[in-house]
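Biologist: Hello! I have a model open on my screen and would love a close look at a single part of it.

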Amino acid sequence: MTTLPHRTEDAGSGTVGPGRSAVPRPDERIARFIAEALGDARTVLNVGAGAGSYENAARAVTAVEPSESMRARRPVRLARAIDAVAEELPFGDGEFDASMTLFSVHQWSDVRAGLREMRRVTRGPVAVLSCDPDLVREFWLYRYAPEVLDTEALRHPTVEELAASLGGNGTVRTVPIPLDCTDGFNEAYYGRPELLLAPAARQACSAWSFVDDGVRERFDRTLRRDLESGAWDEGSATCAPGRRTRDLSSSYARPPDTA
């Protein structure tokens, strides 16, 4: 099943009034999709765990994170992350009921090796939350900062590559992005463009760090102009936002070599 980000019925108005915070935090509606992908798994491995976003969607989590700075940002209520990389997981075959990696595969040195490792150590579903590079440029942001989404498209493996690395069997689901999404990736603001004028909002999406100040200045200038003149209207948000996030869950009940 493929998922396209779109307005959902429970989304809010998308406006931000005085005093409202735009600090990104995990969106509980996206968390529900992740929990569904993990099923009734008791032990879950989170690879490329970062600061632990969405770990509340699982029960007992073992986190793997190679970045010392990201491990240091994990809240004290979460388990301490293990210093390891996806390509060389320090676990035995079939050690976990399920595993997940969320917006992380594009940062790995060898995506296929990392996903094969996840499949090896996991008895049940392997859930991957990523974006489809074939679709990222359909987001309205491409009109204002094409360099950012060109960078995104080049960094992310295709859905076909992800599926093949997990054995070729799986389910692809589209994860809808609510209009009032609380997470901090670019397309979370598809109906609230004014929020992307804040440098802090852009910093939550690493693709902005690959472009120069001229791109950011042009984006600020042209988007602000269109918002003030009325050239950007709510109709722009109905154009399919670029991050058609996908949850890819391997259909293996257990590794192929397990009876």
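Is aspartate 226 buried or exposed, and what is its relative accessibility?

Modeller: Happy to take you there! Please keep in mind that this is a predicted model. Aspartate 226 counts as buried, because its relative accessibility is 11% and the cut-off for buried is under 20%. This aspartate is found in helix H7.

Let's start with its partners. Aspartate 226 forms a salt bridge with arginine 225, where the closest N and O atoms are 3.1 Å apart. Arginine 225 counts as partly exposed, at 49% relative accessibility, so this salt bridge joins a buried residue to a partly exposed one. The side chain of aspartate 226 also makes a polar contact of 2.6 Å with the side chain of tyrosine 144. Leaving out residues up to four places away in sequence, aspartate 226 touches Tyr144, Ala231 and Trp232.

Tyr144 leads us on to another residue of the helix. Phenylalanine 219, too, is in contact with Tyr144. Beyond its neighbours within four places in sequence, phenylalanine 219 also contacts Trp140, Leu141, Ala145, Leu196, Leu197, Arg202, Trp208 and Arg224.

That brings us to the nonpolar core. The largest one has 44 residues, and Phe219 is among the members that touch the most others, together with Ile34, Trp140, Leu141 and Val148. Helix H7, which spans 213–229, supplies at least two residues of this core, as do helix H1 (28–38), strand E3 (98–102), strand E4 (126–130) and helix H4 (146–155). Helix H1 gives the largest share, with six residues. A second core, separate from this one, has 18 residues, including Val64, Leu115, Val126 and Leu162.

Since you are looking at a charged residue, the other salt bridges deserve a visit as well. The structure holds 14 of them. One of these pairs arginine 29 with aspartate 180, with 2.8 Å between the closest N and O atoms. Arginine 29 sits in helix H1, while aspartate 180 is in the loop between strand E5 (170–174) and helix H6 (199–203), so the pair links parts of the chain 151 residues apart. Arginine 29 is buried, at a relative accessible area of 16%, whereas aspartate 180 is partly exposed, at 23%. Asp27 joins this pair too, and the three residues Asp27, Arg29 and Asp180 form a network of salt bridges.

Helix H1 has another such link: glutamate 36 and arginine 173 meet through their side chains in a salt bridge of 3.2 Å, N to O. Glutamate 36 belongs to helix H1 and arginine 173 to strand E5, so this salt bridge ties together parts that lie 137 residues apart in sequence.

Finally, a word on confidence. The mean pLDDT of the protein chain is 82, and 81% of its residues reach 70 or more. Confidence is highest in strand E1 (residues 43–47), at a mean of 97, and lowest in strand E6 (residues 246–250), at 40. Residues 1–21 stay under 50, and the model has 53 contacts beyond four places in sequence for them. Residues 238–259 also stay under 50, with 95 such contacts in the model. Where pLDDT is low, the predicted coordinates should not be read in detail.

Terms used:
Residues numbered from 1 in each chain as written. Predicted model: local features only at pLDDT ≥ 70, side-chain atom pairs only at ≥ 80, totals over all residues. Heavy atoms only, no water. Core = buried A, V, L, I, M, F, W, Y, C linked by side-chain atoms within 4.5 Å. Buried < 20%, exposed > 50% of the residue type's maximum accessible area, 1.4 Å probe, protein only. Helix = DSSP H or I, 4+ residues; strand = E, 2+ residues; numbered from the N terminus. Contact = heavy atoms within 4.5 Å. Salt bridge = Lys/Arg side-chain N within 4 Å of Asp/Glu carboxyl O. pLDDT = per-residue confidence, 0-100. Polar contact = N/O pair within 3.5 Å; in protein donor to acceptor, adjacent residues only side chain to side chain.
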